[in-house]
Amino acid sequence: MKTLWILDHYSSEPKHGGIARQYDFAKELAHRGYRVVVISSSYSHFTHKFICEEGCKVIRVDDNVHYAYLRTLPYKGNGIKRLLNMLSFVCSVVRYRSRIEGNCGKPDVVTGCSIHPFTWIAAYYVSKKYKAKLCVEVRDLWPIVWV
């Protein structure tokens, strides 16, 4: 069985509100024979509350669907604290990847889903570490505003 890690900073299970796009993909891919791990921040971008307090909490949603919630720095608004939140997500992925592997297995494929491009850096690191294929999903072109 192939294992797919989806890194999406703002994803969460539907019961927590927010973006459930990756949850829907994970459920469908699990039906097609994949083991899927969605790795996201435990700090909700929408409620400004933590889903869980631990540094890393892996939750089994279904037989082949897991969520790994990583603690990141809290923030409100679009200031420097939000940037630090984004960077702390990358650091948490690097820090807790072994724990996620222990719970869910090594990835064969790693997908970095954008809202911000720092997620791609974390996905690249993980894919190189495990010699996994890397996919990058571009959903938002907000960095274009800098050009």
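User: Is E4 enclosed by the rest of the structure or open, and why?

Analyst: A word on the source before the answer: this is a predicted model. To judge enclosure, count the buried residues of the strand, where buried means under 20% relative accessible area. In E4, six of the six residues are buried, so the strand is largely enclosed by the rest of the structure. The two faces can be listed separately. Val65, Tyr67 and Tyr69 lie on one side, His66, Ala68 and Leu70 lie on the other, and all are buried.

User: Which strands does E4 pair with, and in what sense?

Analyst: The general idea is that strands of a sheet pair through backbone hydrogen bonds, either parallel or antiparallel. E4 shows both cases. It is joined to E2 by six bridges, and these two strands run parallel. It is joined to E3 by six bridges as well, but there the strands run antiparallel. E3 and E4 form a hairpin, with two residues between them.

User: Which residues can I look at to see the register?

Analyst: For the E2 side, Val36 has Val65 in E4 as its bridge partner, and Ser40 stands opposite Tyr69 of E4. For the E3 side, Ile59 stands opposite Tyr67 in E4. As for burial, E2 is mostly covered, with six of its seven residues buried.

User: What is the strand order of the whole sheet, and which strands are at the edges?

Analyst: Read the order across the sheet, not along the sequence. Here six strands form an open sheet in the order E3-E4-E2-E1-E5-E6, with mixed pairing. The edge strands are E3 (56-62) and E6, each of which pairs on one side only. On average, neighbouring strands of this sheet are turned by 20° against each other, direction ignored.

User: Where does helix H2 sit relative to the sheet?

Analyst: H2 packs on the sheet, where it touches E1, E2, E3 and E4 (65-70). The direction of H2 makes about 150° with that of E2.

User: How are E1 and E2 connected?

Analyst: Look for the pairing, then for the helix that links the strands. E1 and E2 (residues 35-41) run parallel and are joined by five bridges. One pair to find is Trp5 and its bridge partner in E2, Val37. Together, E1, H1 and E2 make a right-handed β-α-β unit.

User: Why does Gln22 count as buried, and what is it in contact with?

Analyst: The test is relative accessibility, with buried meaning under 20%. Gln22 is at 1%, so it counts as buried. This residue belongs to helix H1 (residues 21-31). Setting aside neighbours within four places in sequence, Gln22 is in contact with Ile6, Asp8, Ser11, Val38, Tyr67, Cys113, Glu137 and Arg139. Tyr67 is one of the buried residues of E4 described above.

User: Which strands does H3 link, and how do they pair?

Analyst: Again, start with the strands. E5 and E6 pair in the parallel sense over five bridges, and Val110 has Leu134 of E6 as its bridge partner. The chain crosses from E5 through H3 to E6, and this β-α-β crossover is right-handed.

User: How do I read H3 itself?

Analyst: Check its span, then its buried side. H3 (residues 118-130) has 13 residues and reaches 19 Å from its first C-alpha to its last, close to the 18 Å expected at 1.5 Å a residue. Its buried residues are Phe118, Thr119, Ala122, Ala123, Val126, Ser127 and Tyr130. They pack against E1 (3-7), H2 (80-104), E5 (109-113) and E6 (133-137). After the helix comes Lys131, whose phi is positive, near 55°.

User: How does the chain look as a whole?

Analyst: Begin with the inventory: the protein chain has three helices and six strands. Along the sequence they follow the pattern β-α-β-β-β-α-β-α-β. For overall dimensions, use the radius of gyration. A compact globule of 147 residues would have a value near 15 Å, and the 14 Å of this chain agrees. The C-alpha atoms fill a box of roughly 40 × 30 × 25 Å along the principal axes. Of the 147 residues, 46% count as buried. Among contacts between residues at least 6 apart in sequence, 69% join residues at least 24 apart.

How values were computed
Residues numbered from 1 in each chain as written. Predicted model: local features only at pLDDT ≥ 70, side-chain atom pairs only at ≥ 80, totals over all residues. Heavy atoms only, no water. Helix = DSSP H or I, 4+ residues; strand = E, 2+ residues; numbered from the N terminus. Expected span 1.5 Å × (residues − 1). Buried < 20%, exposed > 50% of the residue type's maximum accessible area, 1.4 Å probe, protein only. Contact = heavy atoms within 4.5 Å. Pairing = 2+ DSSP bridges. Right-handed = clockwise from strand over helix to strand, strands pointing away. Axes fitted to C-alpha atoms, helices over the stretch in contact; angles between N-to-C directions. Rg over C-alpha atoms; globule rule 2.2 N^0.38 Å.
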